[in-house]
Amino acid sequence: MSPANDFVSFGNVTKTFRAISGADYHAIKDFKLDVGQHEFFCLLGPTGCGKTTVLNILAGFEPPSAGSIVVNGQPVTGTGADRAVIFQSQDSLYPWLSAIENVEFGLRMAGMPKARRRARAAEYLKLVGLAGQEHKHPNELSGGMKQRIQIARVLANNPKILLMDEPFAALDAQTRALMQQQLRRIWLQEKLCVLFITHDIDEALTLGTRVGVMRAGPASALKGIVDVELGEERDRTQQDFVDHYRRVYEMIKEEVLRAHQ
Amino acid sequence: MIMSKKSRNEKIREYATYALGFAAMFATWHLLTKAFPSVLFPTPTAVIAKAIELAQTGALWENLGVSLGRIFSGFLVGVSIGIPVGLIMGNFHFMRRLLEPFTEFLRFIPSVAMITVAVIWFGIGEFSKVFLIAYTTVFIVIISTAAGVMSIHIDKIRAAQTLGASRAQIFLFVSLPAAMPGILTGLRVAMGNSFTTIVAAEMVAADTGLGTMLWHGRLFMLIDQIFVALLILGLVGFLADRVFRVAIRYFGGKYSAVI
């Protein structure tokens, strides 16, 4: 395996929470996964399977209870600007800052001079299709636009890894499809390492290079991985797309049933 | 910048409605004095005439100036202690647990009850009044500031962490602006309480001020003068509150989704 294939490496990661009753609850147990440097990995699973826990541990928000997590050869010990997060909720934006000020936040924290960071932020707002909206505040923008500000904000900060936790779940179906297309285009351009969490098979197959299916919780881990062998242009009405869909669906079906028992 | 930019016409209509409301209030007062004629219930015209007289002799300005000066200094002291303490309590669990006994105990002792102690400790001079206003301000500001900090959505902090902000930067550029609406609301409530406190304190222990004006009015049966003091208190309080409302609306529009 070339080094680029385990750019992100979870080695038997377990996360245990103490329930109110005092009993230990393993959200994930012996979770193993390697993700490549230029890979768009979609993590799929039923509700409560610990998808977000995986993301939180990689982001450095929570330490693992056991096991190791290595990024680019370095163990993860906390948050870092190399791992950007796009949150599901738009509460992560700063409503007191305009769109462009939100996008340049990371650069400002790093001490980049104003003229340079302004120019860079404008460039990324353009990339996500928000040229002309620079001076609006988040409250004045739609849900889809806010998520695009989030995307521009992390890309401007030049991360190595993009962590996305169901970023389009709160959007209406049309906007979501549009956002998926746009994200796909950006990824083809930037080729970042992406860990994308979703419960939507369709979304995973539209975006991912590989799709990992998680078992129902507790003590969840990966059940299996499907390589997405679809071209650059993906069409959900094509036969090969449908075949992929069926494979993933068969894999996830019983986990969803178990999660609802 | 702010979402609801009002047109000129809307603004004029807004002010006109306000003026109408005030006019209705004075009209009601006038009608009540006609319905219940009494020397103990002066008409608005008599009160306004008395107010003009007191303004001309300078007595009104002196008392108003003294009261406002006390409120302003005490408020300033209370706010400059309250905001930093509130920020610290909102940010650090340890400090919150350490300081909560003080704030949770002291805030239930009304400043009006503290007048006795203030007079015994500091006499009837300026210092006791400034102390009381600061006392009534500080706890409200601490609690609303801490609540403002604690209500910040965790994703705002986490986003800043992953964007490379240091702890100090998160405090300065995320926690502080995010707590702004809470802080301003606390200041507004505290300003209202300051008016209550200053009147009570001046009634008990002072030679000048609107409270003293009220008290002397009672002693010498100067009904008109009592009503002038009440009218001025209402008017000045209203104006002070407007200032805060405008500030909250300005910052609120910028700083938060809901005001």
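Biologist: How far apart do the C-alpha centres of domain 1 and domain 2 of chain A lie?

Modeller: The C-alpha centres of the two domains are 25 Å apart. The model is predicted, and that distance is computed from it.

Biologist: What makes these two stretches of chain A separate domains?

Modeller: The bounds come from an automatic or database domain assignment. That assignment gives domain 1 as 3–82 + 160–259 and domain 2 as 90–158.

Biologist: How do you know that domain 1 and domain 2 of chain A are in contact?

Modeller: A contact needs two C-beta atoms within 7 Å. By that test, ten residues of domain 1 of chain A are in contact with nine residues of domain 2 of chain A. Helix α6 (residues 173–190) of chain A gives the largest share of the domain 1 side, four residues. By class, that side has eight nonpolar, two polar and no charged residues.

Biologist: Why does the largest nonpolar core lie between the domains of chain A?

Modeller: This core has 126 residues, and those with the most contacts inside it include Leu44(A), Leu163(A), Leu195(A) and Phe196(A). Its largest share, 14 residues, comes from helix α6 (residues 126–150) of chain B. Both domain 1 and domain 2 of chain A give residues to this core, so it lies between them.

Biologist: Ala152(A) is also among the residues with the most contacts inside the core. Which residues does Ala152(A) touch, not counting those up to four places away in sequence?

Modeller: Ala152(A) touches Val103(A), Tyr124(A), Leu125(A), Leu127(A), Val128(A) and Leu130(A).

Biologist: What makes strand β8 of chain A mostly covered?

Modeller: A residue counts as buried if 20 or more other C-beta atoms lie within 10 Å of its own. In β8(A), residues 193–198, six of six residues are buried. Cys193(A), Leu195(A) and Ile197(A) are on one side and Val194(A), Phe196(A) and Thr198(A) on the other, and therefore both faces meet the test and are covered.

Biologist: How do you know that strands β3 and β7 of chain A pair with β8(A)?

Modeller: Pairing takes at least two bridges. Strand β3 (residues 40–44) of chain A pairs with β8(A) in the parallel sense over five bridges, and strand β7 (residues 161–165) of chain A also pairs with β8(A) in the parallel sense over five bridges. Leu163(A) stands opposite Leu195(A) in β8(A). From β7(A) the chain crosses through α6(A) to β8(A), a right-handed β-α-β crossover.

Biologist: Which residues of β8(A) stand opposite Leu43(A) and Phe41(A)?

Modeller: Leu43(A) stands opposite Ile197(A), and the bridge partner of Phe41(A) is Leu195(A). Five of the five residues of β3(A) are buried. Phe40(A), Cys42(A) and Leu44(A) point one way from the strand, and Phe41(A) and Leu43(A) the other way. Four bridges join β3(A) to strand β9 (residues 210–214) of chain A, and these run parallel. Cys42(A) has Val211(A) in β9(A) as its bridge partner.

Biologist: Why are β2 and β5 of chain A said to stand at the edges?

Modeller: The open sheet has the order β2-β1-β4-β5 in chain A, with antiparallel pairing. β2 (24–35) and β5 (74–75) each have a single partner strand, so one side of each is left without a neighbour in the sheet. Strands β1 (residues 8–18) and β4 (residues 66–71) of chain A pair over five bridges, and Gly11(A) stands opposite Ser68(A) in β4(A).

Conventions
Residues are numbered from 1 along each chain as its sequence is written. Chains are lettered from A and ligands numbered from 1 in the order in which they are written. This is a predicted model: local features need pLDDT of at least 70, side-chain atom pairs count only at pLDDT 80 or more; totals for chains, interfaces and linings use all residues. A nonpolar core is a set of buried Ala, Val, Leu, Ile, Met, Phe, Trp, Tyr and Cys residues joined through C-beta atoms within 7 Å. A residue is buried if 20 or more other C-beta atoms lie within 10 Å of its own, exposed if 12 or fewer, and partly exposed in between; C-beta atoms are placed from the backbone. Helices (H or I, at least four residues) and strands (E, at least two) are DSSP runs, numbered from the N terminus. Ala, Val, Leu, Ile, Met, Phe, Trp, Tyr, Cys and Pro count as nonpolar, Asp, Glu, Lys and Arg as charged, and the others, Gly among them, as polar. A crossover is right-handed if, with the strands pointing away from the viewer, the path from the first strand over the helix to the second runs clockwise.
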